[in-house]
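The questions below take up some of the words used for a protein model and ask what stands behind each of them. Each answer sets a value beside its cut-off and then draws the conclusion.

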Amino acid sequence: VLTYSLTYWELLNATCSEYFTLNNVTELQGIPGVASGILIENLWNSYTAGGARLEKSSLGSVGTLGSERAERSLPYVYSDIATSFTALVGIFFPSVTGIMAGSNRSGDLKDAQKSIPIGTIMAITTTSLVYLSSVVLFGACVEGTVLRDKFGEGVNGNLVVATLAWPSPWVIVIGSFFSTCGAGLQSLTGAPRLLQAIAKDNVVPFLQVFGHGKANGEPTWALLLTACIAEIGIIIASLDVVAPILSMFFLMCYMFVNLACAVQTLLRTPNWRPRFKYYHWALSFLGMSICLSLMFISSWYYALVAMTIAGMIYKYIEYRGAEKEWGDGIRGLSLSAARFALLRLEEGPPHTKNWR
């Protein structure tokens, strides 16, 4: 029984959407659970083009394929941006960048040499287990189209993880809020102290103003600068834009840390004596290579910009000179090469053609 006032001829001339004429419409359960075996279907990647509308197969709704964003009110599943492995790495990587929080606050630790290695390894192990298990469980519980639902249309505009949460979706909302606040406070306590230490050592002369603070050592000016930088990211208001930029600078930070460790070990610098028994310079070199590769794999133009900025800062330090000289890896390589060449000259008498 039709509830619309349509004539017989109007019913005959009525046409369906092109999607319904070209495809069979089926209903699929959006969250079938672990026992459904859907993990096999979700095991392989299924990246999408930007703005594509995916067929919706959860909660008894259906959709179409297309690229119009004007139909957001219709029950369609949208993939807002083009997805790829590199884009997901750029978005995911900032969530695991807190591994150097202990190093940034090493001055506040009772036994930094013992606490930093143990704390860092335990943090990496814990976060890796949590994140990887979450990926596997989501792939085993949720249908693929719902997983790729950008705006949560497949679950009535909610988050998939909130739909799965027990006993209420508010568990995820409250947990995300406190987690975000905790990560923000961690950055606001570690980054200003690191900036203040750099400013006090006068490594970068124009940052000298940020070395001052309160009488108790609180980095007031460095904290204000950190808050302003964080506020810029909030004003941008797009995680997809901010995340790759953060990834570049974190990867560059880790790359230079690994490079410094490898170079100091190879040069046998007297003041570089790592006591961690599992340390080897090859691991540092491997970490540096992985960071450099991820930078260009994620976004080669962002990588070039970040490396250009780092090069400009290095040349500025070289031009102005630092008040406190902590050593230079490049100068150390030059001295090692000169020492190696002088020792080679003693291996035999010089030839007349090579005499100077």
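Q: How do you know what span to expect for H11, and what span does H11 reach from its first C-alpha to its last?
A: This is a predicted model, and in it H11 has 29 residues. The expected span is 1.5 Å times one less than the number of residues, which for H11 gives 42 Å, and the helix reaches 41 Å, close to that value. H11 is followed by arginine 268, whose phi is positive, near 55°.

Q: What makes the span of helix H9 close to the expected one?
A: Helix H9, residues 170-200, has 31 residues and reaches 45 Å from its first C-alpha to its last, against an expected 45 Å at 1.5 Å a residue. Just after H9 comes asparagine 202, which takes a positive phi of about 55°.

Q: Why is serine 284 called buried?
A: A residue counts as buried when its relative accessible area is under 20%; serine 284 has 4%, and is therefore buried. Serine 284 belongs to helix H12, and, if residues up to four places away in sequence are not counted, serine 284 touches Asn258, Cys261, Ala262 and Tyr279.

Q: Why are H11 and H13 called oblique to each other?
A: Their axes come within 10 Å and cross at roughly 50°. Angles under 35 degrees count as roughly parallel and those from 65 to 115 as roughly perpendicular, and roughly 50° falls in neither range, so H11 and H13 are oblique to each other. The crossing in which H11 passes H13 is right-handed.

Q: Which residues make the contact between H11 and H13?
A: On the H11 side they are Val241, Pro244, Ile245, Met248, Phe249, Met252 and Phe256, while H13 brings Tyr302, Ala303, Ala306, Met307, Ile309 and Ala310.

Q: What makes a set of residues a nonpolar core, and which residues form the largest one?
A: The members must be buried residues of certain kinds, among them Ala, Met and Phe, joined through side-chain atoms within 4.5 Å. The largest such core has 11 residues, namely Phe93, Met248, Leu251, Met252, Tyr254, Met255, Met288, Cys291, Met295, Ala303 and Ala306. Helices H11, H12 and H13 are the elements that give two or more residues to this core, and the largest share, 5 residues, comes from H11. A second, separate core has 7 residues, including Leu195, Ala199, Leu207 and Phe210.

Q: Which residues are in contact with alanine 303, leaving aside its neighbours within four places in sequence?
A: Alanine 303 is in contact with Met248, Met295 and Phe296, once those neighbours are left aside.

How values were computed: Residues numbered from 1 in each chain as written. Predicted model: local features only at pLDDT ≥ 70, side-chain atom pairs only at ≥ 80, totals over all residues. Heavy atoms only, no water. Buried < 20%, exposed > 50% of the residue type's maximum accessible area, 1.4 Å probe, protein only. Helix = DSSP H or I, 4+ residues; strand = E, 2+ residues; numbered from the N terminus. Contact = heavy atoms within 4.5 Å. Axes fitted to C-alpha atoms, helices over the stretch in contact; angles between N-to-C directions. Parallel < 35°, antiparallel > 145°, perpendicular 65-115°, else oblique. Left-handed = near helix turned anticlockwise from the far one by under 90°.
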